[in-house]
Each structure stands twice: as C-alpha cells, then as structure tokens.
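Colleague: I am new to this structure. Could you show me how to read helix packing?

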Amino acid sequence: FFSLPCSHVSTMFGLRMVPRVASTVAPRLACGPVQGLAQVVRGYSTHDEGVLEYLLKVEKDGEEYYRDLAAKAPNKGFQRIFTMLADEEQKHYAAIEDMAHSGETRLGKSTILGVTKTIFEEVRADPNVDFLSSKDQLAVYTEARDIEARNRDEYVKRAKSVKDPKVRALFELVAAEEQKHYVMLDELIQFIGKAEPGSGRWTESAEFNRLDDDLYDNYKY
C-alpha cells in the first residue's frame, strides 16, 4: 500500500499524497477489486475477501516499483538490494493469493537483512563504487523507506480487523517482513550519507547492527 491516487481511498486510510520523485512513480493504492479473485475465494467474510483483494494489488504494485528502482540503481550492489525487495513483494503476493484460494500459505521468514549486510560490506570494500550518483537518488530511496513504514502499519491494522485467524497470522508475518524492508532502506540511506565520494572511505563508521533478521522475526506490533 503504497500511497497515491483514488481520493476516496486516500481519505479512508488517512494517507497523504506522495509527490512523484525523479522518474520513478511510487505504487498506488488499489482502486478496485482484483479481477477474478471473488470467484475463487472460499470461506471468508466479505470484509476479509475485500482485504485480500486490496493487498494483492498493493503487493503487485510494490514489486513493479522495486524492479524499476533496480533497473535505475547506480551500482550492482544496490541493484541486488532492490531486486531482493521486488522478489520479496512477489512472495507476499503469492502468499496472499494462496491464502485467498486455499486458506493456506507457505510464506516463511526471510533472511533479507543478513544478505543486505553482506552486500553493504562488499560495496564498502570496492573503491570503484560511485557514490555521487547514489546521493542523487536519496530522495527516491527516502520515499521508498517511508512507503514501507506505511506498509507495515497497514498490515498491522489489517491484522487486527480480519476475522480469520490464518489471515491474521499471515498479515502479522508480512508486517514483520515489511519492517525489515524499512530497516534495509533506512540503512541504505545512512550508508550513502556517510560515504565520501571517490575512494570508498566513510566519514563515520558503518556497522550495520540493525541488519539482523532475528531482531524482527516474531515481533508483535
């Protein structure tokens, strides 16, 4: 749930409009049902069906957003980070779709933060990485981070409102995963901000202590 258009939806969820940054357009709130889902959903209340439809659209838009950021990333390390985020949104979509169709899901906890820490260490050790172009993208990355915070909060809210306990457990798991995405992007912003252009040196120590998946697994918001 990536903010934007449908004024009635934006008002409903209390989200503000997010301006377009550079040439990357932030994902939009779903403005209608996902075609064909209502015919295959079984055993859910009308409310829960609507929530599942809405979140499928959200995750699909999120995947496309991150694939676009990956294509525009200034180095291979950051490209891998945004590709991972896109892949995670794809997994969330599949998990919600499975839940809608069968009432079950195979979504597990990710190790995305540990992988991100390794990527950061590799980028830091590479003296040829161009951080000037990375700093030009900080506004876009900040927008993506703030979107993830809204995603997390929306899943927490939805988890409290749905009636089916399996759907609730899925949303709680995805909320924890969205928090990991938030941490990834916040660490990326700080990482870029501390870098000196040209030589791979840092003005401050970059320890990446928050890039630990165990800190967020099973956390209850």
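Modeller: Start with α4 and α7 in this predicted model. Their packing angle is about 15°. Angles under 35 degrees count as roughly parallel, so α4 and α7 are roughly parallel to each other.

Colleague: How far apart are the axes of α4 and α7, and what is the hand of the crossing?

Modeller: The axes lie 10 Å apart. The crossing is right-handed.

Colleague: Which residues of α4 and α7 make the contact?

Modeller: From α4 (residues 112–125), they include Ile112, Leu113, Thr116 and Phe120. From α7 (residues 165–194), they include Val183, Met184, Glu187 and Leu188. By class, the contact has 8 nonpolar, 2 polar and 3 charged residues.

Colleague: Why does a helix offer residues at such spacings?

Modeller: An α-helix has 3.6 residues a turn, so residues three or four places apart point the same way.

Colleague: At what angle do α3 and α4 pack?

Modeller: About 170°, with axes 9 Å apart. That angle makes α3 roughly antiparallel to α4. Their crossing is left-handed. Among the contact residues are Ile81, Met84 and Leu85 of α3 and Val115, Ile119 and Phe120 of α4. The classes here are 9 nonpolar, 2 polar and 3 charged.

Colleague: How many residues does α3 have, and what span does it reach?

Modeller: Helix α3 covers residues 76–102, 27 residues in total. From first C-alpha to last it reaches 38 Å, close to the expected 39 Å.

Colleague: What caps the N-terminal end of α3, and what comes just after the helix?

Modeller: Asn75 is the cap, with a side-chain oxygen 3.1 Å from the backbone nitrogen of Gly77. Just after α3, Gly103 has a positive phi of about 80°.

Key:
Residues are numbered from 1 along each chain as its sequence is written. This is a predicted model: local features need pLDDT of at least 70, side-chain atom pairs count only at pLDDT 80 or more; totals for chains, interfaces and linings use all residues. Side-chain values use heavy atoms; hydrogens and water are left out. Helices (H or I, at least four residues) and strands (E, at least two) are DSSP runs, numbered from the N terminus. The expected span of a helix is 1.5 Å times one less than its number of residues. A polar contact is a pair of N or O atoms within 3.5 Å; within protein, one must be able to donate a hydrogen and the other to accept it, and residues adjacent in sequence count only if both atoms are side-chain atoms. Axes are lines fitted to C-alpha atoms, for helices over the stretch in contact, and angles run from 0 to 180 degrees between N-to-C directions. Angles under 35 degrees count as roughly parallel, over 145 as roughly antiparallel, 65 to 115 as roughly perpendicular and the rest as oblique. A crossing is left-handed if the near helix is turned anticlockwise from the far one by less than a right angle, and right-handed if clockwise. Contact means heavy atoms within 4.5 Å. Ala, Val, Leu, Ile, Met, Phe, Trp, Tyr, Cys and Pro count as nonpolar, Asp, Glu, Lys and Arg as charged, and the others, Gly among them, as polar.
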